[in-house]
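This report walks through one protein chain, moving from a pair of facing strand residues to the sheets, the helices packed on them and the overall fold.

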Amino acid sequence: MNSLHLKNFTRCKRKAWLDFKGKKSYEVWSPHKAIDKINQFQIFSEFCNGEIYTGLKACKNGYQGVIGLKIKGNLFQNINAEIRPQLLVKTKGKSKWGQYKYLPAVYKLGHKTTKEHLFDLAFCSMLLESFQQSKIEKGLVISTFDKKVKVEEIYLNKKLRKKVLNVLLNLNECLEGSLPEITQDRKKCTICSWQKFCDKEAKENGYLTDIDGIGSKTASLLKAKGITNTQTLASCNAKQLGEKLSKFNDQKYEKASIFVKQAQAYISGEPCFISNNNTEDLLEKICSGFYVFDIESNPDEKHNFLYGFLKVNNLSIKKEDLIYEPILNLKNNTGESYRQIIEILFSHKEWPVLHYGETEKISIINIAKELNFSFEEIDLLASRFIDLHTLIRKSWILPLKNYGLKTVSNWLGFEWVQKNVSGSKALYWWIQYQITENEIFLKKIIQYNKDDCLATLKISEYLIKDQLKKN
Ligand code: SF4
């Protein structure tokens, strides 16, 4: 077992097991992992003033930062372990290499220091101490805040070390045993490289957490009431189920009815129509032209690097004749891109702006505020935005696990020109562009954004299909 297994074990036991014993062909490349690695390296490099080198030789030479080291050792008599410290930082002391020693350091994304970070540091210190023949009192958690490097010192006391030893024993037992169950908290799965593999098994076994709106807590509640899988849920009487869901208070019957319908749709593969209250005037609103709008951003840096507009003059226009306008905001110097965005939006003042999810509308309102628009102007602008994500959820129950843009439009038959793409892949390309300045990454991002707009358009067509038939 190694540091990576420990890190994953604290998140999901099954992931640690799959990383150790799983068939690698079932694993899918994860942009999150790659983004994490790049960010990690950049921050470590900044922290060590660029003096960062790889491997054992770097330790012997006494460089400030050392990465890529693997150290093997024995934890107990019969358990072999390997640490892969994310970074070793030189500090005062005495070790087998001379008048200095190393401390382990980990990278942290976000504000919260979790047990994952603490365990990693403690585990690393255990094997590193005997390897460098020097005691380690503390480890470092390195992160960035407001573009500045932040360092937190963690004291690796006896209590923490004891705790980690226990976790390592459990990890060892897990890795020697059979494949653990899928995690209850399926939110963790969204960035996991084994997601496809686990999703297949979850569907085959009728996991309740496959049903949109059912998280780990609701799933446990339903199980306690004897509803153990999607099949049983689909055959429930909604009213009787509502009685059992008192935790949802006034919403219990409504929730129960949606859960049952969602389970029925998921099993049958057939969508279920709920209401046209929210979409009945959509056709009228968009028939004289509209924009489809989508943003690509780096949330950690609060930087929207691409604003994409698809201009749809009328519904009968062929897809290949649509005009797509990408507005790049490469340096986050907002002035020029804001001017272009406003110019596009106001070149057709009456046109609605279709988007998927709330981000786009919020961003435009913020731009309008920064440009000192009056309240009335902001209200008028905001009223042009139509969120298709909200509309589809209010109008249809779809036979899907979630209502994300990719999931819904894929189900409608839409295909992205580039295969296996996602928002995080676009972010990965963006980070690659920033490092290399190679235009090819921008082209990929623009193509991806254009496809996101076309996918949104596809969903709008689905929402108005019945109104079109009537006309
Ligand atoms: S997809 Fe989910 S259940 Fe499967 S290994 Fe990853 S986190 Fe665990």
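His355 stands opposite Asp387 in strand β14, and this pair belongs to the contact between strand β13 (residues 353–355) and β14, which run parallel and are joined by three bridges. The model in which these features are described is a predicted one. The two strands sit in an open sheet of five strands, ordered β12-β11-β10-β13-β14, whose pairing is mixed. Its edge strands, each pairing on one side only, are β12 (323–328) and β14 (385–387), and from one strand to the next the twist averages 25°.

Beside this sheet, in the loop between β11 (303–312) and β12, is the place of Leu322. With 16 other C-beta atoms within 10 Å, Leu322 is partly exposed. Leaving aside residues up to four places away in sequence, Leu322 touches Leu310, Lys311, Val312 and Ile317. Leu322 and Ile365 are 43 residues apart in sequence, and their C-alpha atoms are 26 Å apart in space.

**The six-stranded sheet**

Another open sheet is formed by six strands in the order β1-β2-β5-β6-β7-β8, again with mixed pairing. Here the edge strands are β1 (52–54) and β8 (148–155), each of which pairs on one side only, and neighbouring strands are turned by 35° against each other on average, direction ignored. Within this sheet, strand β6 (residues 101–107) and strand β7 (residues 138–145) pair in the parallel sense over three bridges, and Val106 stands opposite Val141 in β7.

Helix α3 (residues 31–47) packs on the sheet, where it touches β1, β2 (65–67), β5 (87–91), β6, β7 and β8, and its direction makes about 110° with that of β7. Helix α5 (residues 115–132) lies across β6, β7 and β8 and runs at about 160° to β6.

The parallel strand pairs of the two sheets can be set beside the pair formed by β3 and β4.

| Strand pair | Sense | Bridges | Facing residues |
|---|---|---|---|
| β13 and β14 | parallel | three bridges | His355 and Asp387 |
| β6 and β7 | parallel | three bridges | Val106 and Val141 |
| β3 and β4 | antiparallel | five bridges | Asn74 and Asn80 |

In the last of these pairs, strand β3 (residues 71–76) runs antiparallel to strand β4 (residues 79–83). None of the six residues of β3 is buried, so this strand lies largely in the open.

**Helix packing and the nonpolar core**

How do the axes of α5 and α6 cross? The axes of α5 and helix α6 (residues 158–176) come within 9 Å and cross at roughly 90°, and the two helices are therefore roughly perpendicular to each other. From α5, the contact is made by Leu118, Phe119, Ala122, Phe123 and Met126, and from α6 by Leu160, Arg161, Val164, Val167 and Leu168. By residue class, this contact divides into nine nonpolar, no polar and one charged.

Phe123, which takes part in that helix contact, is also among the residues with the most contacts inside the largest nonpolar core, a set of 108 residues in which Phe44, Leu233, Val260, Tyr291 and Ile459 are likewise listed. Helix α19 (residues 439–470) gives the most to this core, with nine residues. Apart from residues up to four places away in sequence, Ile459 touches Tyr356, Leu388, Ile392, Val408, Ser409 and Leu412.

**The N-terminal residue**

Is Met1, in the segment before α1 (3–11), buried or exposed? Met1 counts as buried, because it has 20 C-beta neighbours inside 10 Å. Not counting residues up to four places away in sequence, Met1 touches Leu6, Ala81, Leu171, Asn172 and Leu175. Between Met1 and the core residue Val260 there is a separation of 259 residues in sequence and of 43 Å in space, taken from C-alpha to C-alpha.

**The protein overall**

The protein has 19 helices and 15 strands, and its C-alpha atoms fill a box of roughly 85 × 60 × 40 Å along the principal axes. Of the 471 residues, 33% are buried. Among contacts between residues at least 6 apart in sequence, 63% join residues at least 24 apart.

Terms used
Residues are numbered from 1 along each chain as its sequence is written. This is a predicted model: local features need pLDDT of at least 70, side-chain atom pairs count only at pLDDT 80 or more; totals for chains, interfaces and linings use all residues. Helices (H or I, at least four residues) and strands (E, at least two) are DSSP runs, numbered from the N terminus. A residue is buried if 20 or more other C-beta atoms lie within 10 Å of its own, exposed if 12 or fewer, and partly exposed in between; C-beta atoms are placed from the backbone. Two residues are in contact if their C-beta atoms, placed from the backbone, lie within 7 Å. A nonpolar core is a set of buried Ala, Val, Leu, Ile, Met, Phe, Trp, Tyr and Cys residues joined through C-beta atoms within 7 Å. Two strands pair if DSSP finds at least two bridges between them. Axes are lines fitted to C-alpha atoms, for helices over the stretch in contact, and angles run from 0 to 180 degrees between N-to-C directions. Angles under 35 degrees count as roughly parallel, over 145 as roughly antiparallel, 65 to 115 as roughly perpendicular and the rest as oblique. Ala, Val, Leu, Ile, Met, Phe, Trp, Tyr, Cys and Pro count as nonpolar, Asp, Glu, Lys and Arg as charged, and the others, Gly among them, as polar.
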